[in-house]
Structure formats: C-alpha cells, structure tokens
Amino acid sequence: MWQAQYYNGLTAARLDVMVKLRPDSLQIIKKDQGVVNWPLGEITAHAAHHAGEAMRLERGREKLNVPSPDFPAAFKAASPAHASKFGTPKTRKKNLIYAGAITALAGLLVSLYLWIIPFAADYAAAIVPPAWEARLGSSIADDFSERFQVCENPLAVDRVNAIVSSLDAAAQPHPYKFKVSIIKFPMVNALAAPGGYIIVFSGLLEKTERPEELAGVLAHEMQHVLKRHATRSIFHNISTYMLVTLLTGGSSSAGGIVNTFTSMRYSQANETEADDAGLGLLQKAAIDPSGMVDFFKTMEKEEKHKNISGILSYVSTHPETAERIQRLNAAIAAHPSATATKFLLPDMKWKDVATACSEVKGDKPVDNEMPNAPVEPEKTPEHE
Ligand SMILES: [Zn+2]
C-alpha cells in the first residue's frame, strides 16, 4: 500500500488516498468513499525525472500522484505487459522539446515587450544619424510654431542666441546645430526636441532675473539633445509600428510623434544627467553656474504658488527642486575653480530682454529702439 493523491479531473480538489497493486489493476482506496480500480492497461505512467518527485499516473482525465520512491519499480514489475504505456525516454524527450519550445516562445514574447523593444529603442536612438534626429526635431518645432506665436523680437532672440552660441562653443565637438525658438506663452517651460531644437516659452524667459539663469536652463536642455534623451524617449514611447515606419523612411506618423513628445516625461536619471552635464557645460563656457541654482530657487517658489502646470513643464517633469538645488550647490562647491567670474551680456538690462516676448496690449512687439520703454501688463481684459 502506498499513499497517493487523487484528482478526479473534474475539480481541482485533491483527495488523499491509498493505492494497492493487484495482478491486473491498481486499486485506489478513498477514505469512506469506496474503491476505484484502474485496469493496468488503461494507465499511462509518467516516471519521476528526479529524486523526490512523485510518479504520476493517468487514466482518462483522472490523475494520481504517488510520491513513494519504491512505487515506480513495483508498478513496473506489476505491469510488464503495459510497459509500452510508460513514458519512454523517446516520448519524454519529445514532450520536453514541446514544453521547451512553448516556454521559449512565451519567454520571447515577454522579453520582446519588457526588454527587446526598449533595447531596440535605445539602440536605434543611439545609432540614428543626427540629420535624422534634426528632421524629427524640426517637425516638432514646426508643430509648436503652428500652434503658438513665435517671438521674433531681436531684443530677446539675439540675446538668447548669443547665450546658446557660448554654450555651443563649449560643447564642441558635436554633430548638432542648435536652434532656439521663443514662443509667446505664459507657461514657465522649456523643452528640447531631438537634433538641437529648443523651445523656450516666454513665461520662462520672463521669470529669469539675469542671463546666467537662462543660460542654466539652456545648458540643461542642450544636454537633453547632446545625450539624445529626447530621441530615446520618443523611441520608447511611440509604438513599435511607428518606430518601424520611421526607421524605414516613413513620415506619416509625424503628428503622432508630436503628440507623443508633448505627453512624455524624462526619467529622473535623464534629468539628473542633464543637470550635471549642464552645470559642466556652464563651467566650461565660463558662465557663472549659480544662475542655474538661482533659477531653480525661483522655480521652487513658483511650485509653492502652484503656478506650474501642463505638459512638459520645466519643473513638474523634473526631479524635486530642493534636491536639485542641493546637488548643484554641492557640485559647484566641489569644483570652485571652474566657476566663472565673467558676466554674460553685461551691457544689457536683462529685465527688458526677459519681457521682450511677453504679450503686450494689441500684441505689438516691444519697440526695439526703446528697450527701456515701459511694458504694458502682460494680460489685458480684451485678451482674456
Ligand atoms: Zn530636463
């Protein structure tokens, strides 16, 4: 007599039973529920593959597990006529191959979603030619300029470009051509599209109190381009179909990309990298990095007043501002010799530059010949 577990094949319930080998049958004795006889000729046996594994017997949908290590030999001895019913090494191997193939297929599908697609996206983002990134970035920038009003006031545009040029020179060599657009919109926001297209919202420009603060924002955004964060993020976020379409030269999904771009978030790791590398870029360009920190302090106040909202907000997508300030201050303290002493654009009254793209009454540009002319309040009832 051996102890065994019996499954009737109709429910998952397990029944502890005793089994007994008889000349032509296996007797299953259920506690208080009678006796079942399995004719040996109707039993399919699966021998244990390793020590400690129960021998499994089947008859139709009924199953029996017999854990006792001496049962297989006894069973084999009792049913030599039905030895062919045993899982022979050959069929067992075949079953193993099937099981292996199914497991491999499932594994392939899971890893395709979890690993291969992100890996392919990373790989594609790393090898895609800069010219291609520029095409993608340009279509994103075009989309922004269609949706928003682009500020063309040279008072701001020229100064912003001058800061970008200083940073660009320090960042060389790299394959990108930076192009900054200022769009008239009161949101405190800046973003970097692939290939060097940077978009600064007038709301952010207005919040800067000196050029070094804007330089800090620009250095951060430029690093998102140089480190291909935007490209990688887009590749991660768009569907595989879109990725394939894009990589094979299709352009019909540009609209989808723009939508993806405006809803995506950078990882905290990307943001920290852009901060650190951005700070390094400021120092290399001999621009006072305390501007970057000061701007984050302004942002911290803004956050408290809940003035930050919307897609890709420069702050809400970024790591905790207090944490960033702490990190940046530590980095500046670690390399004090790299800290610049020269001032950016010393001849300018920065407030005029910062407000040059803010909306004025009648939406007229600020008179460039009179940079000190008072600027109308940015919002008037007729604009609301
Ligand atoms: Zn960022």
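# Salt bridges, a disulfide and a ring cluster

Let's start with charges: the structure holds 11 salt bridges. Keep in mind as you read that this is a predicted model. Why would two side chains pair up like that at all? Side chains of opposite charge can pair when their charged atoms come close.

Have a look at a couple of them. Arginine 14 and aspartate 16 join their side chains in a salt bridge, with 3.6 Å from N to O. Aspartate 16 counts as partly exposed, because its relative accessibility is 40%. Next, find glutamate 58 and arginine 56, whose side chains meet in a salt bridge at 3.9 Å, N to O. Both partners are partly exposed: glutamate 58 has a relative accessibility of 22%, and arginine 56 has a relative accessible area of 36%.

Now move on to aspartate 288 and arginine 210. Their side chains form a salt bridge too, at 3.7 Å from N to O. This pair links distant parts of the chain, since the two residues are 78 residues apart. Aspartate 288 sits in the loop between helix 10 (268-284) and helix 11 (290-304), while arginine 210 is in the loop between helix 5 (202-207) and helix 6. Is aspartate 288 buried or exposed? With a relative accessible area of 16%, aspartate 288 is buried, because the cut-off for that label is under 20%. The pair also belongs to something wider: Arg210, Glu212, Asp288 and Asp294 are linked in a network of salt bridges.

Stay in this area and find glutamate 213, which lies in helix 6 (residues 211-226). What is the nearest side chain of opposite charge to glutamate 213? That would be arginine 210, 4.2 Å away. A salt bridge needs a nitrogen and an oxygen within 4 Å, so glutamate 213 is buried yet has no salt bridge. Glutamate 213 still has neighbours. Leaving out residues up to four places away in sequence, glutamate 213 touches Lys207, Thr208, Gly291, Asp294, Phe295 and Thr298. You met Asp294 a moment ago, as a member of the salt-bridge network.

From charges, let's turn to sulfur. How many disulfides does a search of the whole structure find? The search turns up one, formed by cysteine 151 and cysteine 357, with their sulfur atoms 2.0 Å apart. The link is left-handed, with -70° about the S-S bond. Like the bridge between aspartate 288 and arginine 210, the disulfide links distant parts of the chain. Cysteine 151 is in the loop between strand 8 (149-150) and helix 4 (154-171), cysteine 357 is in the segment after helix 13 (350-355), and the two are 206 residues apart. Both ends of the link are buried: cysteine 151 has a relative accessible area of 3%, and cysteine 357 has 1%.

Aromatic rings come next, and the count here is seven aromatic pairs. In one of them, the rings of phenylalanine 144 and phenylalanine 148 have their centres 5.9 Å apart and their planes at 15°, so the pair is stacked. Phenylalanine 144 is buried, with a relative accessible area of 4%. Which residues form one aromatic cluster? They are Phe144, Phe148, Phe185 and Phe201.

For another contact across the sequence, try alanine 134, in helix 3 (residues 130-147). Alanine 134 and glycine 195 are 61 residues apart in sequence, but their C-alpha atoms are 3.9 Å apart in space. Beyond four places in sequence, alanine 134 touches Pro194, Gly195 and Tyr197. At a relative accessible area of 21%, alanine 134 is partly exposed.

Time to step back and take in the whole protein. Its secondary structure comes to 13 helices and 11 strands. Of the 384 residues, 43% are buried. If you take the contacts with a separation of 6 or more, 62% of them are between residues 24 or more positions apart.

Finally, how confident is the predictor? The protein averages a pLDDT of 77, and 72% of the residues score at least 70. Two stretches deserve a second look. Over residues 307-313, pLDDT stays under 50, and the model has 24 contacts beyond four places in sequence for them. Over residues 361-384, pLDDT also stays under 50, and the model has 29 such contacts there.

Technical notes: Residues are numbered from 1 along each chain as its sequence is written. This is a predicted model: local features need pLDDT of at least 70, side-chain atom pairs count only at pLDDT 80 or more; totals for chains, interfaces and linings use all residues. Side-chain values use heavy atoms; hydrogens and water are left out. Rings of Phe, Tyr and Trp (its six-membered ring) pair if their centres lie within 6.5 Å; planes under 30 degrees apart count as stacked, over 60 as edge-to-face and the rest as tilted. Buried means under 20% relative accessible area, exposed over 50%, partly exposed in between (1.4 Å probe, protein chains only). pLDDT is the predictor's confidence in each residue, from 0 to 100. Contact means heavy atoms within 4.5 Å. A disulfide is a pair of cysteine sulfur atoms within 2.5 Å. Helices (H or I, at least four residues) and strands (E, at least two) are DSSP runs, numbered from the N terminus. Lys and Arg count as positive and Asp and Glu as negative; His and the chain ends are not counted.
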